[in-house]
Amino acid sequence: MTQDRASLRRELRQRRRGLPAAARIAGAEALAARILALPFLPREGYVAGYWALDGEIGLHVLQLRLPPGLVYCLPLLHGDDQLRFAPWRPGDPLVTNRFGIPEPDVTVDGALRAEDMALVVLPLVGFDDDCHRLGMGGGWYERSLAVRHHQPAPPWLVGAAFATQRVDALPREAWDVRLDAVCCEDATLIATTAG
């Protein structure tokens with residue numbers, strides 16, 4: 001792949017922003033069904049999601065359809081440059097973080113760590129068939145999920161995107177964390193052990 005990460009991010013973000021409202025609504029419905037059908041979907045525990053911005057595929061349908069044993073959480077920025085997570089339901093108070101992203105209005109120091117999650121649904125800018133993810137470039141998820149470099153351990157990691165964000169191959173860096181699966185409105189990709 002000859003295209004650098006910055007220009008690829010610009011192109012893929014423009015693709016997802018260009019989708020019409022009807023495609024976004026249908027995409028969120030189909031995405032929820034695909035995530036809920038994953039063979040490794042936990043029966044209980046915490047599920048980390050995200051607040052969709054900048055054309056990202058929405059998780060609102062998934063949140064409303066989670067089985068009773070699963071608790072939906074949103075990420076919080078922490079001072080150690082890692083994410084924490086806090087349970088959140090529609091109507092619970094939110095605050096805006098320094099990047100303008102809504103997050104639960106809770107004490108960050110008392111929030112849950114990534115390793116406390118049973119499943120993390122990650123936003124992404126791009127993905128490939130090998131379940132590699134291109135994020136926004138801030139490294140928040142990579143730092144927060146670095147434990148996955150050292151041991152195969154929970155949480156399960158699932159990328160969420162529109163099909164238009166799929167590319168043949170992504171440029172990779174040593175710190176990139178590979179996903180266990182990627183779900184979009186028309187496909188579910190499960191990572192193989194190699195790759």
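The second largest cavity of this predicted model has a volume of about 40 Å³. Its walls are formed by Leu122, Arg133, Tyr141, Glu142, Leu145, Val177 and Leu179. Sorted by class, this lining comprises five nonpolar and two charged residues, with no polar ones. Arg133 and Glu142 are charged, and both belong to the lining just described.

A look at the wider inventory of enclosed space helps to place this cavity. The structure contains two cavities of 30 Å³ or more, and the largest has a volume of about 60 Å³. Around the largest cavity stand His132, Arg133, Glu142, Arg172, Asp176, Val177 and Arg178. Here the class make-up is five charged residues, one polar and one nonpolar. Val177 counts as nonpolar and is part of this lining. Arg133, Glu142 and Val177 line the largest cavity, and these residues also line the second largest cavity.

Attention now turns from the interior spaces to the surface. Trp51, Leu53 and Leu94 together make a nonpolar surface patch of about 210 Å². Of these residues, Leu94 can be placed in the secondary structure: it lies in strand E4, which covers residues 94-96. How large is the relative accessible area of Leu94? The value is 32%, so Leu94 is classed as partly exposed. Patch residues need over 30% relative accessible area, and Leu94, at 32%, is therefore open enough to take part.

Methods. Residues are numbered from 1 along each chain as its sequence is written. This is a predicted model: local features need pLDDT of at least 70, side-chain atom pairs count only at pLDDT 80 or more; totals for chains, interfaces and linings use all residues. Side-chain values use heavy atoms; hydrogens and water are left out. Patches are made of residues with over 30% relative accessible area and no salt bridge: like charges are joined within 9 Å, nonpolar side chains (Val, Leu, Ile, Met, Phe, Trp, Tyr) within 5 Å. Accessible areas come from the Shrake-Rupley method with a 1.4 Å probe; for residues, only the protein chains shown count as cover. A salt bridge is a side-chain nitrogen of Lys or Arg within 4 Å of a carboxyl oxygen of Asp or Glu. Helices (H or I, at least four residues) and strands (E, at least two) are DSSP runs, numbered from the N terminus. Buried means under 20% relative accessible area, exposed over 50%, partly exposed in between (1.4 Å probe, protein chains only). On a 1 Å grid over the protein atoms alone, a cavity is a set of points where a 1.4 Å probe fits but cannot get out, and a pocket is an open set with protein on both sides within 12 Å along at least five of seven lines; lining residues have an atom within 4 Å of a point. Grid points are joined across faces, edges and corners, and a volume is the space filled by probe spheres set on the points.
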